[in-house]
Amino acid sequence: PFFIKGKILMAKKALCAALAFLIIPGISGCSNREKRFDATFLELFDTVTEIVAYTESRAEFEELARFIYDSLSEYHRLYNIYESYEGLSNIKTINENAGTSPVKVDKRIIDLLLFGKEMYKLTGGKVNIALGPVLKIWHEYRENGINNPESAKLPGQRELTDAAGHTDIDSIVIDTDNNTVFLEDKDMSLDVGAIAKGYAAECVARLLKENGYNDVLLSVGGNVRALGARDDGTAWEVGIADPFDKARTVNTVSLKDTSLVASGDYQRYYTVNGRRYHHIINPETLMPAEGFTAVSVISESSAVADALSTALFILPLDVGQKLIGGIPNTYAVWVMPDGSVKYSPGFEKITKS
């Protein structure tokens with residue numbers, strides 16, 4: 001979760017399938033001409049999307065919000081691994097044709113998967129879009145544990161190990177000339193959950209710029225992308241929420257044409273014998289990663305920040321510090337299980353002064 005001007009943005013499961021705009025206009029204290037509006041809608045990427053923007057009128061803001069919704073909707077359908085759509089080949093379609101035949105897809109899927117391969121190399125395999133077979137098992141056990149707490153249990157190590165044998169990212173064959181994707185192993189599947197929201201948010205930010213929209217703060221399930229600045233030219237101020245007390249922040253950062261993304265053990269989890277098991281799986285142990293309660297990454301790219309927040313949650317602190325230190329204009333915050341906070345070098349550059 002993040003705070004934007006005191007308002008908590010919490011990633012929540014969609015409560016309805018309809019578009020629901022909650023628009024709250026407000027006059028900026030720095031300008032009598034421009035107005036500040038907020039909007040919230042549900043459904044996409046199984047989370048809550050929130051928008052804050054400065055526009056000349058309510059009508060202009062509604063046009064902006066509709067543009068964002070329509071754009072995100074396209075990425076939601078393309079990157080979906082659970083649902084099929086008539087006349088559309090998406091990630092689910094690729095998984096269904098594993099080991100059978102190449103699938104011709106939209107170039108936006110090709111671009112996402114190529115980015116996924118880049119992140120695999122950058123993170124030393126900690127972010128692997130081919131980890132689908134393992135993540136599917138955890139997803140099924142987690143859903144059962146949430147819906148039937150009395151029968152919650154952990155997957156067996158043999159089951160996980162067998163699934164891990166079908167997670168070779170090199171078995172994803174991407175033909176950029178023909179826009180096709182083929183999974184060579186019939187038992188493998190893609191899961192783009194570690195990169196899809198951030199990547200989509202970054203693509204939408206680019207579309208906004210191309211269409212002349214400025215001064216927008218977009219949050220897709222807590223993946224925050226700042227476009228431009230506030231109406232007075234100052235950076236957006238976004239607080240990193242304390243995972244132990246959602247009413248507090250561990251720090252506040254200034255964002256201008258940059259992103260803030262968090263991963264944590266409090267977002268998606270279930271309980272077995274009194275112990276919590278979250279959704280961020282270490283590809284080496286095949287178990288939920290241990291060591292941190294939350295990790296936030298600030299980067300110019302929401303896509304990179306999304307991938308890195310997962311990787312840093314899995315990597316040891318010293319290794320994560322080294323990784324983040326080698327990427328320009330990128331910073332991280334680790335919240336430890338005891339509530340203490342660690343920062344990457346240079347973090348003070350983007351802290352609210």
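Is Tyr 277 buried or exposed, and what is its relative accessibility? In this predicted model, Tyr 277 has a relative accessibility of 10% and counts as buried. The report starts from this residue and its ring partner, and then turns to strands, sheets and charged side chains.

**Aromatic pairs**

A pair of aromatic rings is described by the distance of the centres and the angle of the planes. Ten aromatic pairs are counted in the structure. In one of them, the ring centres of Tyr 270 and Tyr 277 are 6.3 Å apart and the planes meet at 45°, so this pair is tilted. Tyr 270, like its partner, counts as buried, and its relative accessibility is 2%.

Another pair is formed by Phe 292 and Phe 313, whose arrangement is edge-to-face, with 6.4 Å from centre to centre and 70° between the planes. Because Phe 292 belongs to the loop between β15 and β16 while Phe 313 belongs to helix α7 (residues 302–314), this pair ties together parts that are 21 residues apart in sequence. Phe 292 and Phe 313 are both buried. Elsewhere, ring pairs link Tyr 75, Tyr 79, Phe 115 and Tyr 199 into a cluster.

**The hairpin of β14 and β15**

Strand β14 (residues 269–272) pairs with β15 in the antiparallel sense, and four bridges join the two strands. Within this pairing, Tyr 269 stands opposite His 278, a residue of β15. The hairpin has two residues between its strands, and Asn 273 takes a positive phi near 50° there.

Strand β15 also takes part in a salt bridge, since Arg 275 pairs with Glu 290 at 2.4 Å between the closest N and O atoms. Arg 275 lies in strand β15 (275–278) and Glu 290 in the loop between that strand and β16 (294–299), so the pair ties together parts that are 15 residues apart in sequence. Of these two residues, Glu 290 counts as exposed at 57% relative accessibility, whereas Arg 275 is partly exposed, with a relative accessible area of 43%.

**A sheet of three strands**

A further element is an open sheet of three strands in the order β6-β8-β7, with antiparallel pairing. Strands β6 (103–104) and β7 (172–175) stand at its edges, and because each has a single partner strand, one side of each is left without a neighbour in the sheet. Between β6 and strand β8 (residues 180–183), which run antiparallel, there are two bridges, and the bridge partner of Lys 104 in β8 is Thr 180. Helix α3 (residues 107–122) packs on this sheet, where it touches β7 and β8, and its direction makes about 130° with that of β7.

**Salt bridges**

Side chains of opposite charge can pair when their charged atoms come close. The search of the whole structure finds 14 salt bridges, and the table lists some of them with the distance between N and O atoms.

| Salt bridge | N to O distance |
|---|---|
| Lys 92 and Glu 96 | 2.4 Å |
| Lys 186 and Asp 187 | 3.3 Å |
| Glu 290 and Arg 275 | 2.4 Å |

Lys 92 and Glu 96 are four residues apart in helix α2 (residues 91–96), and so about one helical turn separates them. With a relative accessibility of 19%, Lys 92 counts as buried, because the cut-off for buried is under 20% relative accessible area. In the bridge of Lys 186 with Asp 187, Lys 186 counts as exposed at 60% relative accessibility, while Asp 187 is partly exposed with a relative accessible area of 39%. Salt bridges also link Glu 74, Asp 106 and Arg 108 into a network.

**Arg 225 and its surroundings**

Which residue's side chain makes a polar contact with the side chain of Arg 225? The partner is Glu 202, at 2.8 Å. Arg 225 is found in strand β10 (residues 223–227), and this arginine is buried, with a relative accessible area of 5%. When neighbours within four places in sequence are left aside, the residues in contact with Arg 225 include Ala 201, Glu 202, Ala 205 and Lys 209. Val 216, Leu 217 and Leu 218 are also among the contacts of Arg 225, as are Asp 257, Thr 258, Ser 259, Glu 300 and Ser 302.

Definitions and conventions. Residues numbered from 1 in each chain as written. Predicted model: local features only at pLDDT ≥ 70, side-chain atom pairs only at ≥ 80, totals over all residues. Heavy atoms only, no water. Salt bridge = Lys/Arg side-chain N within 4 Å of Asp/Glu carboxyl O. Buried < 20%, exposed > 50% of the residue type's maximum accessible area, 1.4 Å probe, protein only. Polar contact = N/O pair within 3.5 Å; in protein donor to acceptor, adjacent residues only side chain to side chain. Contact = heavy atoms within 4.5 Å. Pairing = 2+ DSSP bridges. Axes fitted to C-alpha atoms, helices over the stretch in contact; angles between N-to-C directions. Phe/Tyr/Trp six-rings, centres within 6.5 Å; stacked < 30°, edge-to-face > 60°.
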